[in-house]
Amino acid sequence: MALIGNLCMVLLILLDSQLHTPMYLLLSQLSLIDLICICTTVPKMASGFLFGNKSISFIGCGVQCFFFAMLAGCEGPILMSMAYDRYVAICFPLHYPIRMNRRVCVLMILGSWVMGVVNSCAHTVYVLHIPYCRSRAIDHFYCDIPAMVTLACEDTWIYEYTLFLSTVTFLLFPFIVIVGSYGKVLLAVYRMRTQEGRKKAYSTCSTHLTVVTLYYVPFVFTYLRPKSFRSPAEDKVVSVFYAILTPMLNPVIYSLRNKEVLGALARVAVKFRSTTM
């Protein structure tokens, strides 16, 4: 479901010219992140459950670490960019073509991916070079970096502190920007005189806020809790939400609650029928 849903969202935004706006270009990146995320963790996990082969090579584990950390680091800035886009569109509609033109949108997207790659490289290089002298059985369904660090035979408090700072940078800072943006957006929507404009703005913002909640709550619960309050069993359960359920639910939320996406789907379907007949 996650694979089909996110692939359809990416292709739909690519094929329909009416969706070539900053909001939907950012949404296509969110779908692309979810698409890669589901391909990073689920196939190996499913293979382990179905065939009993729960081992993974050292390089394969490093690849999983890199892609998952990159996507987790990239999604926060993308959601922050989407919140800024809605803030400008609703609070400064006349300035929107200048503040959120295609160049600004592309720079936001490239900046998000570069930040995610740089952050991921630092963490992946570390976990691949620390000595593992205990059991190499990772108590998780994928190569989660904190779960791997617990197997190290050297003191890792410096890295754990660095991981906490990285989490604050890629989770807390974007979250503050998102909350601030939507706070001003909701205030502007409340002051709107037309019922139709208010309804449309509430619909768009509620969709975005639902996706933000699905992303932030599991990550904050997992990575911002003190180590003494964490347990491998709880981490695995929470990981199911951000590694599997969130990528599956995001395209459903955006397609079912968005008339423009449904309209684009109808247009692309008509165009496809006309070319095949």
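Here is a chat between a visitor and a guide about a predicted model of one protein chain.

Visitor: Let's start with the fold. How many helices and how many strands does the chain have?
Guide: Reading along the sequence, you go α-α-α-α-α-α-α-α-α-α. That pattern holds no break for a strand, and the tally is ten helices and zero strands.

Visitor: What is the radius of gyration of the chain, and what would a compact globule have?
Guide: The C-alpha atoms fill a box of roughly 65 × 50 × 30 Å along the principal axes. For 277 residues, a compact globule would come out near 19 Å. The chain agrees with that, at 20 Å.

Visitor: What share of the contacts with a separation of 6 or more comes from residues 24 or more positions apart?
Guide: A contact here needs heavy atoms within 4.5 Å. Take the contacts in the chain with a separation of 6 or more, and pick out those between residues 24 or more positions apart. Their share is 73%.

Visitor: And what percentage of the residues is buried?
Guide: Buried means under 20% relative accessible area. Apply that to the 277 residues in the chain, and the buried ones make up 44%.

Visitor: How much of the accessible surface belongs to carbon and sulfur atoms?
Guide: The accessible surface of the chain comes to about 14,800 Å². Of that, the part belonging to carbon and sulfur is 72%.

Visitor: On to charges. How far apart do the centres of the positive and negative sets lie?
Guide: There are 23 positive side chains and 13 negative ones. Take the centre of each set, and the two lie apart by 11 Å.

Visitor: Which cysteines form the disulfide?
Guide: The structure holds one disulfide. The cut-off for a sulfur pair is 2.5 Å, and here the S to S distance is 2.0 Å. The partners, both buried, are C61 and C143.

Visitor: How far apart in sequence are the parts that this pair ties together?
Guide: C61 sits in helix α3, which covers residues 58-91. C143 is in the loop between α5 (102-129) and α6 (145-149). So the pair ties together parts whose separation in sequence is 82 residues.

Visitor: Is that disulfide left-handed or right-handed?
Guide: Look at the torsion about the S-S bond of C61 and C143, which is about -120°. The disulfide is therefore left-handed.

Visitor: What is the nearest cysteine sulfur to C65, and how far away is it?
Guide: C65 is buried, at a relative accessible area of 1%. C65 is in no disulfide, and a disulfide would need sulfur atoms within 2.5 Å. The nearest cysteine sulfur is that of C61, away by 4.6 Å.

Visitor: Why is C105 too far for a bond with the closest cysteine sulfur?
Guide: C105 is buried, with 0% relative accessibility. The closest cysteine sulfur to that of C105 is in C74. That is too far for a bond because the distance is 13 Å.

Visitor: Which residue in helix α2 does Q64 touch that also touches F68 and A243?
Guide: Q64 is in helix α3 and is buried, at 6% relative accessibility. Leaving out residues up to four places away in sequence, Q64 touches T40, T41, K44, I56, Y142 and C143. One of these is found in helix α2 (residues 22-51) and touches Q64, F68, Y142 and A243. That residue, buried at 1%, is T41.

Visitor: Is V211 buried or exposed?
Guide: V211 is in helix α8, residues 195-223. Beyond its neighbours within four places in sequence, V211 is in contact with L30, L79, N250, I253 and Y254. The relative accessible area of V211 is 1%, and the limit is 20%, so V211 is buried.

Visitor: Is I176 buried or exposed?
Guide: I176 is found in helix α7. The C-alpha atoms of I176 and M80 are separated by 9.0 Å, with their positions 96 residues apart along the chain. The relative accessible area of I176 is 53%, and the exposed class begins over 50%, so I176 is exposed.

Visitor: What about V177, how does that residue count?
Guide: V177 lies in helix α7, residues 157-190. Its relative accessibility is 26%. With buried under 20% and exposed over 50%, V177 counts as partly exposed.

Methods
Residues are numbered from 1 along each chain as its sequence is written. This is a predicted model: local features need pLDDT of at least 70, side-chain atom pairs count only at pLDDT 80 or more; totals for chains, interfaces and linings use all residues. Side-chain values use heavy atoms; hydrogens and water are left out. Helices (H or I, at least four residues) and strands (E, at least two) are DSSP runs, numbered from the N terminus. Buried means under 20% relative accessible area, exposed over 50%, partly exposed in between (1.4 Å probe, protein chains only). The radius of gyration is taken over C-alpha atoms; the globule rule is 2.2 Å times the number of residues to the power 0.38. Accessible areas come from the Shrake-Rupley method with a 1.4 Å probe; for residues, only the protein chains shown count as cover. Lys and Arg count as positive and Asp and Glu as negative; His and the chain ends are not counted. The place of a charge is taken as NZ of Lys, CZ of Arg, CG of Asp or CD of Glu.
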